[in-house]
Amino acid sequence: MAGIYIHVPFCKQKCTYCDFASYPKELSKQESYFACLYRELKGRALSLKDRTFDTVYFGGGTPSIVSPELIVGAIRQVKNCFNLNPNAEITIEINPGTVDEEKIKAYKKAGINRFSIGLQSAYDHHLKNINRAHTALDFVKCMNMIKGENVSVDILIGLKGQTLEEVLKSLELALTLGANHISCYALTPEEGTPIYTDYLNGELLSEDEVADIYEKVVNYLKENGLNRYEVSNFAKPGFESKHNITYWTRGEYIGVGVSASSLIENRRFTNTFSINEYINTIIANKLPEISSETLSKEDEMFETVMLGLRMEKGFSLEKFKADFGVDFNEVYASVLQKNKEYLQEKDGYLSVKPECMYIENGIIVDFMKG
Ligand code: SF4
């Protein structure tokens, strides 16, 4: 599988935990930004004519904040320039409170068939604390607008004063309103974000508290028919995100727009994080990349392990051998020995035991050291 990622770097306001490339005061640049996106799509497609792409993902930022015509135009451009699978999964991230019936209608007409809604919590005091630009009621209205569609909802664990009951009630609301996919992330306070101060002051939930809630979330979602297929992602059968699976299985992807990364063959490259620089570079007919690296065989092997172990299913040992010409068990013999109580081999796949999934980060660090 191969995917196309389109970054939309505009937001209404900045959430306190956010370190993504999102710029609340730049919305007036949306027209010129999208004109550049269309040009980048066209330019990138020239060397990718031999590939078929299976997914398109509008992420951000808040893609739903811009005029729907711009999103529709980007889909048209993708279809004009790339070989897009006619059954492609096309996802848009939505921030409740930035959509109306007209926008949803335009998205659906253009072929968007998956909606990823950022709720984070169904409690307004938490939403306010983290400076989300919507209320729980906005979420309910948004879900009613996309009733019957393929919907994923994001929930955060670890907020200041958050209780297990609040997390489960937030999930319950999402499921009752029709979500068939949940992304449930543990809050990671990044240095430089406002929430980092709360973290330093010990005001956020502790790692153990988050781990306890996570375990209950896994059980709750399972009881409600959503299986964990990646450490933070849960879906009803058949509703897993094809786009994200492409990342975790090291499929190829092209990313356009500010801060977007691509992986084509064994080259990874990333665009500038500055909107102005992006626009100026594209207008000057230059590539907006700020970094590009050719991955060595060792890099690729490690990435296969790192990403594969995030998935419940793990990764195929046979494919590993076919791709890299070496036996996984021999290359990583000592790390395997050290972590044998956490790992399992099943049907030719190596994976983290389900009960150890929450500590998979620690296991990966061992693989990194080799
Ligand atoms: S809506 Fe998303 S991208 Fe925008 S500020 Fe909040 S977390 Fe960041």
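1. A word to start with: a residue counts as exposed if 12 or fewer other C-beta atoms lie within 10 Å of its own, as buried if there are 20 or more, and as partly exposed in between. With that in hand, helix α5 can be read side by side: its face turned away from the buried side carries the exposed residues L137 and N144. Please keep in mind throughout that this is a predicted model.

2. Now for the other side of α5. Its buried residues are F139, C142 and M143. Seen down the helix axis, these buried residues fall within an arc of 100°, so they line one face of α5. Spacing of this kind has a simple background: an α-helix has 3.6 residues a turn, so residues three or four places apart point the same way. As for what lies against that face, the buried residues of α5 pack against β3 (83–94) and β4 (114–120).

3. M143 is a good residue to click on here. This methionine lies in helix α5, which covers residues 136–145. Why does M143 count as buried? It has 22 other C-beta atoms within 10 Å, and the threshold for a buried residue is 20 or more. Setting aside neighbours within four places in sequence, M143 is in contact with L177 and G178. You can also compare M143 with I117: the two are 26 residues apart in sequence, and their C-alpha atoms are 8.5 Å apart in space.

4. Stepping back to the whole chain, you will find 15 helices and 15 strands. Along the principal axes, the C-alpha atoms fill a box of roughly 55 × 50 × 40 Å. How does the radius of gyration fit with a compact globule? For 370 residues such a globule would have a value near 21 Å, and the chain has 21 Å, which agrees. Of the 370 residues, 39% count as buried. Contacts also reach along the sequence: among those between residues at least 6 apart, 72% join residues at least 24 apart.

5. The domain assignment gives domain 1 as residues 2–247 and domain 2 as residues 313–369. Their C-alpha centres lie 29 Å apart.

6. Next, the ligand. Which residues surround the ligand? They are C11, K14, C15, C18, F20, S22, G60, G61, T62, N95 and G118. By type, this shell divides into four nonpolar, six polar and one charged residue.

7. Two members of that shell deserve a second look for their backbone. G60 and G61, both of which surround the ligand, are joined by a cis peptide bond, with omega about 15°. G61 lies in the loop between β2 (52–60) and α2 (68–81). For a newcomer, the reason to pause is that most residues other than glycine have a negative phi, and most peptide bonds are trans.

8. The phi angle brings up two more places to check. N131 is not a glycine, yet has a positive phi of about 60°. This asparagine lies in the loop between α4 (124–129) and α5. Is N131 buried, exposed or partly exposed, and how many C-beta atoms are within 10 Å? N131 is partly exposed, with 15 other C-beta atoms within that distance.

9. R250 is the other place to check: this residue has a positive phi of about 60° although it is not a glycine. R250 sits in the loop between α9 (242–248) and β9 (252–256). With 18 C-beta neighbours inside 10 Å, R250 counts as partly exposed.

10. Helix α9 also holds W248. This tryptophan is buried, with 22 other C-beta atoms within 10 Å. Which residues does W248 touch, leaving aside neighbours within four places in sequence? W248 is in contact with E230, L307, R310 and M311. To relate W248 to the ligand shell, take F20, one of the residues that surround the ligand: W248 and F20 are 228 residues apart in sequence and 20 Å apart in space, C-alpha to C-alpha.

11. Last, H125, which is found in helix α4. H125 is exposed, with 12 other C-beta atoms within 10 Å; the cut-off for an exposed residue is 12 or fewer. From H125 to T135 there are 10 residues in sequence and 9.1 Å in space, C-alpha to C-alpha.

Conventions: Residues are numbered from 1 along each chain as its sequence is written. This is a predicted model: local features need pLDDT of at least 70, side-chain atom pairs count only at pLDDT 80 or more; totals for chains, interfaces and linings use all residues. A residue is near a molecule or strand if its C-beta atom, placed from the backbone, lies within 6 Å of it. Ala, Val, Leu, Ile, Met, Phe, Trp, Tyr, Cys and Pro count as nonpolar, Asp, Glu, Lys and Arg as charged, and the others, Gly among them, as polar. Helices (H or I, at least four residues) and strands (E, at least two) are DSSP runs, numbered from the N terminus. The radius of gyration is taken over C-alpha atoms; the globule rule is 2.2 Å times the number of residues to the power 0.38. Two residues are in contact if their C-beta atoms, placed from the backbone, lie within 7 Å. Domain bounds come from an automatic or database domain assignment. The arc is that of the directions from the helix axis to the C-beta atoms.
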